[in-house]
Amino acid sequence: MGVLPGIGPKRVEALAGVGVRTLEELLRYFPRAYSDRRSMARIADVAEGDVVTVEATVLKSRHIRMRGRMSMAEITVSDGSGELKATFFGRGFLARAFSEDKRVVLTGTVSQYQGLAIKNPEYEILSGDEEDRLNTGCIVPVYPLAENVTQRYLRRWIRSALDAVSGESVDPLPESVRRERGFPPLGSALRSIHFPKSEEEAQAARRRVIYEELFAIQLQVLKARAKRRSEPNQRRHVVDGPTLNAFTQSLPFPLTAAQQKAVDEILADMEASWPMARLIQGDVGCGKTVVAVHAIAAARDGGFQSAVMAPTEILAEQHHRTMKAWLDPLGIRVALLTGSTKGAAALRGSIAEGDIDLVIGTHALIQKATGFQRLGLVIVDEQHRFGVAQRLALTQKGAQPDILHMTATPIPRSLALTVYGAMDLTLIDELPPGRTPVTTRKVIPSKEAAVYNHIKKAAGQGFQAYVVCPLVEESEETSLRAATAHFEDLANGVLAGLRVGLIHGRMPGPAKEEIMNRFKAGDIDILLSTTVIEVGVDVPNATTMVIEDAAQFGLTQLHQLRGRVGRGANESRCYLLGKTKTPEGRKRLDILCETNDGFVIAEEDLKLRGSGEIYGWKQSGLGDLRMADLTRDARLLALAREDAEVALQS
Ligand code: ADP
Ligand code: MG
């Protein structure tokens, strides 16, 4: 399709401003609403509170100056049956446009203003020519407006564009799909969206266009996945080698069925000829770490190095501790590389020489200075905390290494099919046995003392607790000082007599590590923390989580924080403190109290935030969603997936 015919340069520019440069784009500049002008209201019949559209003649038009530099236009119109006022606040300049005897269409809610009036109606001034047919007596599209472009212009141009392309547009939906799903052909769908004869017709056409958008995304991600799986890489890992076997033997507990399935899927990928790109998702505490270690052992048996990247030093240190304990005895050389590693240069040397088999670290791993001899496996823990570029940077330190992403933030199905659609997915949907679900409660400020009493009592029985306090900006000196002061108050006040430790993101790495080690060892009863402990930290003896000012946090973040407890057999509790000022804040906390199911929480989170802000969408290369809404259109998405799979197979 060509460029826009018969539109002057100034307006072409205006259209370009809203992303319309071609006929095709013009046809897909969809109405944001419709105004039903099939039947106009009689002014004599309108009453306060009605939403009406009237077609009438201007009797009077006044420009009224108000206080300051504000002005308004006030017009009086008549349709023969009666008179009605319309007011345009802050838009006094309109008074001139509504000159006497002009025919106008006004849409809005009727209210009282020196008699009946419509305040700030949608309006249209009719020209009295042929073109008024597009603007009256039918359902009229209302477009998002661009500067210098009126509704009338848009309607005219789009109508001629529709006429110009009628019959010749190529339908991106295969005919078989269209017929099976009962969607109208593209040409008539576009016409129905712009100039529908009924609401239902517009609705059906929109469904088709939404579907088309989702279908295109499904084709794109499925093709990407197929492409990866058809690209041979030179390396196949050894999946029944001595290291892996020894590791399996040495495991202190049997894997859950879900963990075993994850391990099997990973090993199948590693053995296969294509590079692995797998996302393991499993709720907090389901035991992803041990699953990942199987992959590391297999890589080692194939003679490859592995890298594990974690978003925080605390988490990297914890993985280092856990993995080293498991893998050291098997002869795997394990090292930790973070921003606070001493002798990093020498360590980097060993990594480059191939003297280290497994490096666990933070962003330090992706720095230029870090190079590997034979990097064959990349594991990204809490992958959503990294940007696409960061994950890529690590991957590029090897030659097409196998990639394993892990996340404890459950991914709603709609995202699994789109943002993560090109990866293979594994779900660990089972917790290790013997866990007791966490009980979650909201606590109003006057009842906080009871919470701290509970902590004290639990500490008396040898259990530990976290107290988390949100910082607006962890990097901000003032808020950090406020948090520290608050913690000191707690330590010297309600928590006096207990062993209290403080940890926050700005502490130097070794200091953090020391505190975490003492907490793990049980030498600290209460860990006062900012959100640095949000992800991954595993201390099964901690049974109470107190989150101050909980409404400040997002839903999935709260779920992550809560996931720090309930990791042992003992009953755990999570207390959500603070005032909830907004309805959304209240809703978040209520959801959390109602369920421990990470998937339910992730779906709710997506609903609350809306799919406009989907994390990772921008970098996914999937383009903007124009009409589709992943939550609202989940059913269409599932259909599109099915159909795209079939389309690619044939
Ligand atoms: P997450 O999936 O949140 O990263 P972790 O890997 O930290 O969870 O595991 C949480 C805890 O569960 C750890 O202490 C781990 O040793 C333990 N664990 C993992 N798998 C099992 C299992 N199959 N049986 C018993 N405990 C397990
Ligand atoms: Mg983890």
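**View 1. Polar contacts link domain 2 and domain 3 in this predicted model.** Four residue pairs, with both partners at pLDDT 80 or more, are in polar contact across the interface of these two domains. If you are looking for salt bridges here, the rule finds zero. On the side of domain 2 that touches domain 3, the residues divide into five nonpolar, five polar and six charged.

**View 2. Domain 2 meets domain 3 over a buried area of about 1500 Å².** Carbon and sulfur atoms account for 54% of that area. Within domain 2, the residues that lose the most area to domain 3 are V284, I314 and R321, and together they make up 36% of what that side buries. Counting contacts instead, 16 residues of domain 2 touch 20 residues of domain 3. To place the pair along the chain, domain 2 covers 242–409 and domain 3 covers 439–595; their centres, taken over C-alpha atoms, are 29 Å apart.

**View 3. Ligand 1 sits among 15 residues.** Those that come nearest are G285, K288, T289, R435 and D538. Sorted by class, the shell holds six nonpolar, five polar and four charged residues.

**View 4. G285, R435 and D538 each place a polar atom close to an oxygen atom of ligand 1.** For G285 the partner is a backbone N or O atom, at 2.6 Å. R435 uses a polar side-chain atom, 2.8 Å away from a ligand oxygen. In D538, a side-chain N or O atom lies 2.6 Å from an oxygen atom of the ligand. On its own, ligand 1 has 570 Å² of accessible area, and the protein covers 84% of it.

Terms used. Residues numbered from 1 in each chain as written. Chains lettered and ligands numbered in written order. Predicted model: local features only at pLDDT ≥ 70, side-chain atom pairs only at ≥ 80, totals over all residues. Heavy atoms only, no water. Domains from an automatic or database assignment. Contact = heavy atoms within 4.5 Å. Buried area = accessible area lost by both parts, 1.4 Å probe. Salt bridge = Lys/Arg side-chain N within 4 Å of Asp/Glu carboxyl O. Polar contact = N/O pair within 3.5 Å; in protein donor to acceptor, adjacent residues only side chain to side chain. Nonpolar A, V, L, I, M, F, W, Y, C, P; charged D, E, K, R; others polar. Near = heavy atom within 4 Å. Areas by Shrake-Rupley, 256 points an atom, 1.4 Å probe, with all protein chains shown as cover.
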